[in-house]
Each structure stands twice: as C-alpha cells, then as structure tokens.
Amino acid sequence: MLELNAVTHIYPNGTRALDDVTLSIPKGMYGLLGPNGAGKSTLMRSVATLQTPTSGTIRFGDIDIIANPEKLRERLGYLPQDFGVYPRVSAYDMLDHMAVLKGIASARERKETVETLLNQVNLWAVRKKAIAGFSGGMRQRFGIAQALIGNPELIIVDEPTAGLDPEERNRFLNLLAEIGENVVVILSTHIVDDVADLCPRMAVLAAGKIQLEGAPLDLIAQA
Ligand code: ADP
Ligand code: ADP
C-alpha cells in the first residue's frame, strides 16, 4: 500500500503542481488520469523520490519514503516518461549493465535475471540488437524490463503508451496487467481507455488536485 497524505509541491517559480493530494493506492494496477499539466509527472517523481514535496508525507508500507528514500529505491521500478536513452549497445548488454547498477553482483544471477526479463517482455529474439534501432513498442517493453530488475514491489509507469500503435499499446498494457497482479503498479496517463480497461482503481488529477477517486465503472456512472 502506498499512502500520500496532504502532499503539496510548489516549484521555485510559484507553480503549485500538487495541491494537498491525499491518496491510498493498493496492490494491483492503479490509474492516475489527468490532462497535460495536471501534475502527474510531479506526483510520479515525488513517489519515485526524485524530488521532495514542499509539504506532506508519502509512505510505502512501513517506509517513510521522504525520510528514507534509499529504502524505497531498493523496492522501486520506474519507467519515466522521457525514458529516452537508446544507446548503441544491445538490449542484453544494457539490461545486464543496469542489473549491475541495481546491485546484482553475481554474473550467474544476472544472466538468469536478464534472460527471464527478455523473455517476459518478448524481446529475446532481438536481445543482441542495438536499442537505438527499436520501435516505440519495443523501447517501452525494454523500459518495463529495466524497471523490473530486482523484483520491485512498487512500479511507476509515466505516460507509457504515447506514440504506440494500437497493437503495441495493447501488448504493452497486457504486459503491465500481468505484472500488476502481484505488486503496486501506478499507470499515469492522459488516455481514459488506458485505465478504464485495466485498472480496478483510479484517480483523476487536474490542476494539482484529486478530482475523483474510485473504481472506473463507478466514476463513469457518477459522471
Ligand atoms: P503532467 O505530468 O500531468 O503533464 P507536470 O507534473 O509535468 O504535469 O506539471 C504540473 C505543473 O507544474 C504544470 O503547470 C507544469 O508546467 C509545472 N511544472 C512542471 N515541472 C516544472 C518545473 N520544473 N518548474 C516549474 N514548473 C513546473
Ligand atoms: P547464441 O545465439 O549466442 O548462440 P543461444 O540462443 O544459443 O545463444 O543461447 C545462449 C544462452 O541463452 C544459453 O545459456 C541458452 O540456454 C540461453 N537461452 C536460449 N534461449 C533462451 C530463452 N528463450 N530464454 C532464456 N534463455 C535462453
């Protein structure tokens, strides 16, 4: 369970990107829906401990993530919106390298991890190809593979379907749904259909405030 309590974020120029956000996010797929500029990325970066809220608290299980960001990072998988480093190294080598950075020191354990992930995201056949040559869908699936290194308990995915064609989008969302059976997955998006089909619960964010929270079908019924 991820719990945000009265989280406010004010940027140095005075923009109030998050305004008193209180949310409880259970295990499973959770949709964070909102238009551009709503504050979704600010919320995602705050939960990912990449920036510190101006005020409020964020807890993951028994971890106060603002006081102990390093404890959260061990359990976090993050696919940022601008995940855009597509180097000339192969998918296999890049994942292996990222596994080193995540602290998987044993070469044998890394081999097992990297092979399992490449199969899970359906990139085994292209593991020796440079990521620079991947399609949008392949890049996002690679992005999920890197987010899954080390079996995170909290996975944050920011606007992942932008630029994907319908088939790639479905493939990607189905992959997320499989992953979301066991952990907390927060899917941030401005596309209603991304959350409507997949997420048992969701919140609507606009102008930094939570406007609605609940099960998508209930929210649609209220609207
Ligand atoms: P979303 O991800 O929903 O598009 P963001 O969190 O990126 O929303 O932005 C929320 C608001 O904060 C917007 O008004 C945006 O212009 C502003 N904003 C985002 N980043 C910064 C920043 N570094 N400095 C100032 N304002 C920012
Ligand atoms: P190469 O293309 O370099 O000959 P292989 O495909 O024969 O490599 O396999 C290299 C290693 O990857 C071997 O240890 C093999 O067991 C393992 N491997 C092959 N296919 C898969 C797969 N689909 N999933 C996981 N591991 C695999």
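Me: Where is the place of G14?

Reply: In this predicted model, G14 sits in the loop between β1 and β2, the latter spanning 16-25. The C-alpha atoms of G14 and S46 are separated by 17 Å, with their positions 32 residues apart along the chain.

Me: Why is G14 counted as partly exposed?

Reply: The relative accessibility of G14 is 46%. Buried means under 20% and exposed means over 50%. The value for G14 lies in between, so the residue counts as partly exposed.

Me: What makes T8 buried?

Reply: T8 has a relative accessible area of 9%. The cut-off for a buried residue is under 20%, and T8 is therefore buried. T8 belongs to strand β1, residues 2-10. Leaving aside neighbours within four places in sequence, its contacts are R16, L18, D19, D20, P53, T54 and S55.

Me: Why is Q51 called buried, and where is its place?

Reply: Q51 lies in the loop between α1 and β4 (55-60). Its relative accessible area is 17%, and the limit is under 20%, so Q51 is buried.

Me: What makes the pairs of Q51 with Y11 and R45 polar contacts?

Reply: Such a pair of N or O atoms must lie within 3.5 Å. The side chain of Q51 is 3.1 Å from that of Y11 in one polar contact, and 3.0 Å from that of R45 in another. Both distances satisfy the cut-off. Leaving aside neighbours within four places in sequence, Q51 is in contact with H9, Y11, T42, R45 and S46.

Me: How do you know that helix α1 is largely enclosed by the rest of the structure?

Reply: Helix α1 covers residues 40-47, and seven of its eight residues are buried, so the helix is largely enclosed. The buried residues are K40, S41, T42, L43, M44, S46 and V47. Just after α1, T49 takes a positive phi of about 60°.

Me: What surrounds ligand 1, and which element gives the most to the shell?

Reply: The surrounding residues are Y11, N13, T15, A17, P35, N36, G37, A38, G39, K40, S41 and T42. Helix α1 gives the most to this shell, with three residues. By class, the shell divides into four nonpolar, seven polar and one charged.

Me: How do you know that backbone atoms of A38, G39 and S41 make polar contacts with ligand 1?

Reply: The cut-off is 3.5 Å between N or O atoms. For A38, a polar backbone atom is 3.1 Å from an oxygen atom of ligand 1. For G39, a backbone N or O atom lies 3.0 Å from an oxygen atom of the ligand, and for S41 the corresponding distance is 2.8 Å. These distances meet the cut-off. On its own, ligand 1 has 560 Å² of accessible area, and the protein covers 64% of it.

Me: Which residues are around ligand 2, and how do they divide by class?

Reply: They are K111, E115, N119, W124, R127 and K128. By class, the shell has one nonpolar, one polar and four charged residues. Since Lys, Glu and Arg count as charged, K111, E115, R127 and K128 are the charged ones.

Me: What makes the pairs of ligand 2 with E115, N119 and K128 polar contacts?

Reply: Each is set against the limit of within 3.5 Å. A polar side-chain atom of E115 is 3.2 Å from a nitrogen atom of ligand 2, and one of N119 is 2.4 Å from a nitrogen atom of the ligand. An N or O atom in the side chain of K128 is 2.6 Å from an oxygen atom of ligand 2. Taken alone, ligand 2 exposes 550 Å², of which the protein buries 38%.

Me: Why is H97 described as partly exposed?

Reply: H97 has a relative accessible area of 42%. Partly exposed lies between under 20% and over 50%, so the term applies to H97. H97 is found in helix α3, residues 91-101. The C-alpha atoms of H97 and R110, 13 residues apart along the chain, are separated by 9.2 Å.

Me: How do you know that the radius of gyration agrees with that of a compact globule?

Reply: For 223 residues, a compact globule would have a radius of gyration near 17 Å, and the protein chain has 17 Å, so the two agree. The chain contains eight helices and ten strands, and buried residues make up 50% of it.

Conventions. Residues numbered from 1 in each chain as written. Chains lettered and ligands numbered in written order. Predicted model: local features only at pLDDT ≥ 70, side-chain atom pairs only at ≥ 80, totals over all residues. Heavy atoms only, no water. Helix = DSSP H or I, 4+ residues; strand = E, 2+ residues; numbered from the N terminus. Buried < 20%, exposed > 50% of the residue type's maximum accessible area, 1.4 Å probe, protein only. Contact = heavy atoms within 4.5 Å. Near = heavy atom within 4 Å. Polar contact = N/O pair within 3.5 Å; in protein donor to acceptor, adjacent residues only side chain to side chain. Areas by Shrake-Rupley, 256 points an atom, 1.4 Å probe, with all protein chains shown as cover. Rg over C-alpha atoms; globule rule 2.2 N^0.38 Å.
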